[in-house]
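The following exchange asks why certain descriptive terms apply to a protein model, and it works from the values to the terms.

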Amino acid sequence: MPQAQIIDGKVTAERLRAEVAAEVAELKARHGLQPGLAVVLVGEDPASQVYVRSKGEHSLAAGMHSQTHRLPAETSQADLLALVRQLNADPKIHGILVQLPLPKGLDEKAVIETIDPAKDVDGLHVVNAGRLAQGLPALIPCTPLGCMIMLRQTLGDDLAGKRAVVVGRSVLVGKPVAQLLLAADCTVTIAHSRTRDLPAVCREADILVAAVGRPQMIKGDWIKPGATVIDVGINRVPFSDPVKAAQGKTKLVGDVAYKEALAVAGAITPVPGGVGLMTVACLLQNTVTAAKRIAGIA
Ligand code: NDP
């Protein structure tokens, strides 16, 4: 039975981080510019703590200036906005990331809209979303950027004319991925929870991006033979082994039924070990991009 090529996020992310580190070293040497990233964590959500630690460690390893601001869950909206404004004005900081989700009672949209769009390295500000939609230079959300790097490394730079189906229409993943595929001249369909006959829609895809948040929802027979499958989903589920499940142990799976898909797809990203690893590397790349644009370096 044919076996899909596995698109290795670890190798790709390591390569991108090394490229970013080399660019940071060059910016320091030639322009005296050290890109700086500030990450803001409000509250003690365990998953967010892991992500924030990883972002801090990787930005330092790349040679960047790195700040992590940890605020208590009871932080007021006014205090959080004051910190964001302080970071907007800080010349050492070129990228600001407020880790989401925020604790209940805090207004995420208002926080994102307060970030200077030039420092919005998560690419979530309406200015960046609008610029992306209009094909203008923008800071692009990290996970969609990672998806495109993995696609291009698998299929080459010319994606023109390919049929792309994106399942999911969130502001964070689905919509920006679809915009990027459109900008690459793919013919793009965006599917969502109200799409009729989703399996048939998916079967049309040369490129299938799954960003749903439903464990293993996309089955092997929904995939066109030879298609490239990018599985963005990160879902924590109990082990099928009853002993491990009884111990409360869980594992990560994607939105695609991976084993079935391996037999049909031409290439596929695994979960874990796929898109998820690209997100932090793309955050570093966005911070360098922001620093260069702010400093007027092409
Ligand atoms: P959201 O919950 O914001 O969006 C999910 C989307 O999936 C919605 O557009 C929804 O449709 C659609 N959807 C839900 N159920 C169905 C269904 N049965 N059929 C078709 N479409 C459906 O999730 P995110 O976009 O934020 O994240 C998606 C997944 O990606 C999650 O597993 C998340 O953990 C993961 N993720 C991974 C990242 C990484 O670094 N790899 C980063 C960010 C997210 P509708 O709009 O109609 O409700």
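Q: Which ranges of angle decide what a pair of helices is called here?
A: Angles under 35 degrees count as roughly parallel, over 145 as roughly antiparallel, 65 to 115 as roughly perpendicular, and the rest as oblique. The model to which these terms are applied is a predicted one.

Q: Why are α2 and α11 called oblique to each other?
A: The axes of α2 and helix α11 (residues 275–295) cross at roughly 50° and come within 10 Å. Since this angle belongs to none of the three named ranges, α2 and α11 are therefore oblique to each other. The crossing in which α2 passes α11 is right-handed, and the residues that make the contact are S54, K55, H58 and S59 of α2 together with V280, L283 and L284 of α11. By class, this contact of α2 with α11 has three nonpolar, three polar and one charged residues.

Q: What makes α6 and α11 roughly perpendicular to each other?
A: α6 and α11 pack at an angle of about 110°, with their axes 8 Å apart. An angle of 65 to 115 degrees counts as roughly perpendicular, and α6 and α11 are therefore given that description. On the side of α6 the contact includes C142, L145 and C147, and on the side of α11 it includes V275, M278 and C282. The residues of the contact of α6 with α11 divide into nine nonpolar, five polar and no charged.

Q: Why is the term roughly perpendicular also given to α1 and α6?
A: The axes of helix α1 (residues 9–31) and α6 cross at roughly 105° and come within 11 Å. With 65 to 115 degrees as the range for the term, α1 and α6 are therefore roughly perpendicular to each other. In this contact G9, T12, R15 and L16 of α1 meet I149, M150 and Q153 of α6, and its residues divide into three nonpolar, three polar and one charged.

Q: Why are β1 and β6 said to stand at the edges of their sheet?
A: Six strands form this open sheet, in the order β1-β11-β8-β7-β5-β6 and with parallel pairing. β1 (5–6) and β6 (187–191) have a single partner strand each, so one side of each is left without a neighbour in the sheet.

Q: How do you know that β5 and β6 pair?
A: Two strands pair if DSSP finds at least two bridges between them, and strand β5 (residues 163–167) pairs with β6 in the parallel sense over five bridges. V166 stands opposite I190 in β6. Helix α7 (residues 174–183) packs on the sheet, where α7 touches β5, β6 and β7, and the direction of α7 makes about 170° with that of β5.

Q: What makes β3 and β4 the edge strands of the other open sheet, with the order β3-β2-β4?
A: This sheet has three strands with parallel pairing, and its edge strands, β3 (65–71) and β4 (95–98), each pair on one side only. Strand β2 (residues 36–42) and β4 pair in the parallel sense over four bridges, against a requirement of at least two, and the bridge partner of V39 in β4 is L97. Helix α2 (residues 46–61) packs on the sheet and touches β2, β3 and β4, its direction making about 165° with that of β2.

Conventions. Residues are numbered from 1 along each chain as its sequence is written. This is a predicted model: local features need pLDDT of at least 70, side-chain atom pairs count only at pLDDT 80 or more; totals for chains, interfaces and linings use all residues. Side-chain values use heavy atoms; hydrogens and water are left out. Helices (H or I, at least four residues) and strands (E, at least two) are DSSP runs, numbered from the N terminus. Contact means heavy atoms within 4.5 Å. Axes are lines fitted to C-alpha atoms, for helices over the stretch in contact, and angles run from 0 to 180 degrees between N-to-C directions. A crossing is left-handed if the near helix is turned anticlockwise from the far one by less than a right angle, and right-handed if clockwise. Ala, Val, Leu, Ile, Met, Phe, Trp, Tyr, Cys and Pro count as nonpolar, Asp, Glu, Lys and Arg as charged, and the others, Gly among them, as polar.
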